[in-house]
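Got your viewer open? Let's take a short walk through one corner of a protein, one selection at a time.

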Amino acid sequence: MLLSNRIGRIQSQLNSTAKDLTTLKSGAIGMGQRIMAMESSSSVRGTDADDIPASVRPYSEATHLLEMGVSREEVASRCGLSRAESSLLDALRKKPTA
């Protein structure tokens, strides 16, 4: 009985992890597509909002909001990004430079 309960909990955790992985994969694919679109369009010429291509604006705004301390979930909602994308942007923002 104890082993059965333990197996059930492990299976539940595995299912949850698989769901999280699928979400992250989806976000990474979406971000990759946007980056490719950005690379094929004209490069960013300055920091003026009019100079930033439309495909990049959600990421610029998201980075700004994350720097202001807005939660990842709120950033995703406001900028039309997935939670995985906002989490990735936050992780990249916090990554120490070598």
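Start by selecting residues 83-94, which form helix H4. Helices here are DSSP runs (H or I, at least four residues), numbered from the N terminus. The expected span of a helix is 1.5 Å times one less than its number of residues, so the twelve residues of H4 should span 16 Å, and the end C-alpha atoms are indeed 16 Å apart.

Before you click on: this is a predicted model, where local features need pLDDT of at least 70, side-chain atom pairs count only at pLDDT 80 or more, and totals for chains, interfaces and linings use all residues. Residues are numbered from 1 along each chain as its sequence is written, and side-chain values use heavy atoms, with hydrogens and water left out.

Stay on H4 and colour Ala-84, Glu-85, Ser-86, Leu-89 and Asp-90: these are buried (under 20% relative accessible area, with exposed meaning over 50% and partly exposed in between; 1.4 Å probe, protein chains only). Zoom in on Asp-90, which counts as buried because its relative accessibility is 5%. Beyond its neighbours within four places in sequence, Asp-90 is in contact (heavy atoms within 4.5 Å) with Leu-66 and Arg-72.

Next, add helix H2, residues 57-67, and pick out Tyr-59. Is Tyr-59 buried or exposed? Tyr-59 counts as buried, at 11% relative accessibility. Now show Glu-85 too: the two C-alpha atoms are 8.9 Å apart, though 26 residues separate them along the chain. Their side chains make a polar contact at 2.8 Å (a pair of N or O atoms within 3.5 Å; within protein, one must be able to donate a hydrogen and the other to accept it, and residues adjacent in sequence count only if both atoms are side-chain atoms).

Zoom out to see both helices. The H2 and H4 axes come within 10 Å and cross at roughly 65 degrees (axes are lines fitted to C-alpha atoms, for helices over the stretch in contact, with angles from 0 to 180 degrees between N-to-C directions). On the H2 side, the contact is made by Tyr-59, Ala-62, Thr-63, Leu-66 and Glu-67; on the H4 side, by Glu-85, Ser-86, Leu-89, Asp-90 and Arg-93.

Last stop: helix H3, residues 72-79, whose buried residues are Val-75, Ala-76 and Cys-79. What covers these buried residues includes H2 and H4. Swing round to the face turned away from the buried side, and you'll find the exposed Ser-77 and Arg-78. Just after H3, click Gly-80, which has a positive phi of about 70 degrees.

Terms used: Helix = DSSP H or I, 4+ residues; strand = E, 2+ residues; numbered from the N terminus.
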